[in-house]
Amino acid sequence: MKRETWRDRDFRSHPAVVFDLEASGLDPRRDRILSIGAVRIEDLAIPLDRQYERVVRAPGPLGLVSRLFHGLTRADLERGVSPRDALAGLLDFAGDAVWLAFHAGFDRALLARAVKAHLGMRWDGEVMDLAVLAPMLFPERAGPGAGLDAWAAAFGLATQARHAAVADAMLTAELALVVLRCAQRRGLRTWGELALAARDWRAERMGPGGPVF
C-alpha cells in the first residue's frame, strides 16, 4: 500500500507553515540569518497563538543598510538566541507542515545552509512559492516582478511593520489564504495538485532569459 504523504492531503486537513527569514544581505551562500518569523495555517485559518519569532544572535558588524532595512541593532543581535536554538525551534514549530514562503528560493537556500552549519544535518524540505502561486491563480493582477507589497495592495491586506520577520510571515500567510481559497475554486484540493500546477505553470513561462511571470 502506498504511504500517504503531504502531497495527498487537502488544504484543510494538512497544515502549512509560512516563514520569512531576515538576513544580513541578499546572498544565501554568504549572508547570515538575523531573524526568523513563522506562522501556521490550520484548517484554512491563521491561529493567532501559533507564531514563531526569534532574533538570532550574530557576531560581527551590522551594515547600515541592513540596520535601516530590518530595524535590528547591534544590541538586538547580541541579545538574540543562538542560531542552533533558533533553527531547532523553527523545525520543531513546523513539524510535518507544508512549507510556504514568498520568493521561496532565497529563504530555502538560506535555511538549508544554516541548518547544515549549525545543526549538522541536511534539510531538503520543499518550499512552495507564493511568488509563483499568486500570479498563476490571479494572472489579471500580476504586474511585472510584483513583490509582496504589491500583492498585499491588490487584495487590501494590511502591510504595517514590514521587514520584521514575523510581520512578513503573517502578511504572506494572509496572501496564502487568498491563494488557497482560489485554488479550491479552480478545482485544486490537495497540496500535491497545487505543487504540480505551479511546476507546470512555471515551466511554461521559462524563456531563454529565465522565468516570465
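Q: What volume does the second largest pocket have?
A: Keep in mind that this is a predicted model. A probe the size of a water molecule, rolled over the atoms, shows where space is left empty. For the second largest pocket, the volume comes out at about 280 Å³.

Q: Which residues lie closest to the centre of the second largest pocket?
A: The lining has 14 residues. By type they split into seven nonpolar, three polar and four charged. The ones closest to the centre are Trp6, Gly95, Asp96, Ala97 and Trp99.

Q: Which residues join Trp99 in a cluster of ring pairs?
A: Trp99 is already familiar as one of the residues closest to the centre of the second largest pocket. Ring pairs also link Trp99 into a cluster, and its partners there are Phe19 and Trp123.

Q: How many residues apart in sequence are the parts that the Phe11 and Trp191 pair ties together?
A: The structure holds six aromatic pairs. One of them is Phe11 with Trp191, edge-to-face, at 5.0 Å centre to centre and 70° between the planes. Phe11 sits in the segment before β1 and Trp191 in helix α8, so the pair bridges parts whose separation in sequence is 180 residues.

Q: Is Trp191 buried or exposed?
A: Anything under 20% relative accessible area is classed as buried. Trp191 has a relative accessibility of 1%, and its ring partner Phe11 has 2%. Trp191 therefore counts as buried.

Q: Are the rings of Trp151 and Phe155 stacked or edge-to-face?
A: Planes under 30 degrees apart count as stacked and those over 60 as edge-to-face. For Trp151 and Phe155 the centres are 6.1 Å apart and the planes meet at 15°, so this pair is stacked.

Q: Which element gives the largest share of the largest nonpolar core?
A: This core has 43 residues, and Leu100, Leu175, Trp191 and Leu194 touch the most other members. Several elements each supply at least two residues, including β1, β2, α5 and α8. With twelve residues, the largest share comes from α7.

Q: What distance separates the C-alpha atoms of Val132 and Trp201?
A: Val132 belongs to helix α5 and is buried, at 3% relative accessible area. Along the chain, Val132 and Trp201 are 69 residues apart. In space, their C-alpha atoms are separated by 8.5 Å.

Q: Which ring does the charged end of Arg40 sit over?
A: Here a charged end, rather than a second ring, faces the aromatic system. The charged end of Arg40 is 6.0 Å from the ring centre, and the ring belongs to Phe93.

Conventions
Residues are numbered from 1 along each chain as its sequence is written. This is a predicted model: local features need pLDDT of at least 70, side-chain atom pairs count only at pLDDT 80 or more; totals for chains, interfaces and linings use all residues. Side-chain values use heavy atoms; hydrogens and water are left out. Rings of Phe, Tyr and Trp (its six-membered ring) pair if their centres lie within 6.5 Å; planes under 30 degrees apart count as stacked, over 60 as edge-to-face and the rest as tilted. Helices (H or I, at least four residues) and strands (E, at least two) are DSSP runs, numbered from the N terminus. Buried means under 20% relative accessible area, exposed over 50%, partly exposed in between (1.4 Å probe, protein chains only). A charge sits over a ring if NZ of Lys or CZ of Arg is within 6 Å of the ring centre and within 35 degrees of the ring normal. On a 1 Å grid over the protein atoms alone, a cavity is a set of points where a 1.4 Å probe fits but cannot get out, and a pocket is an open set with protein on both sides within 12 Å along at least five of seven lines; lining residues have an atom within 4 Å of a point. Grid points are joined across faces, edges and corners, and a volume is the space filled by probe spheres set on the points. Ala, Val, Leu, Ile, Met, Phe, Trp, Tyr, Cys and Pro count as nonpolar, Asp, Glu, Lys and Arg as charged, and the others, Gly among them, as polar. A nonpolar core is a set of buried Ala, Val, Leu, Ile, Met, Phe, Trp, Tyr and Cys residues joined through side-chain atoms within 4.5 Å.
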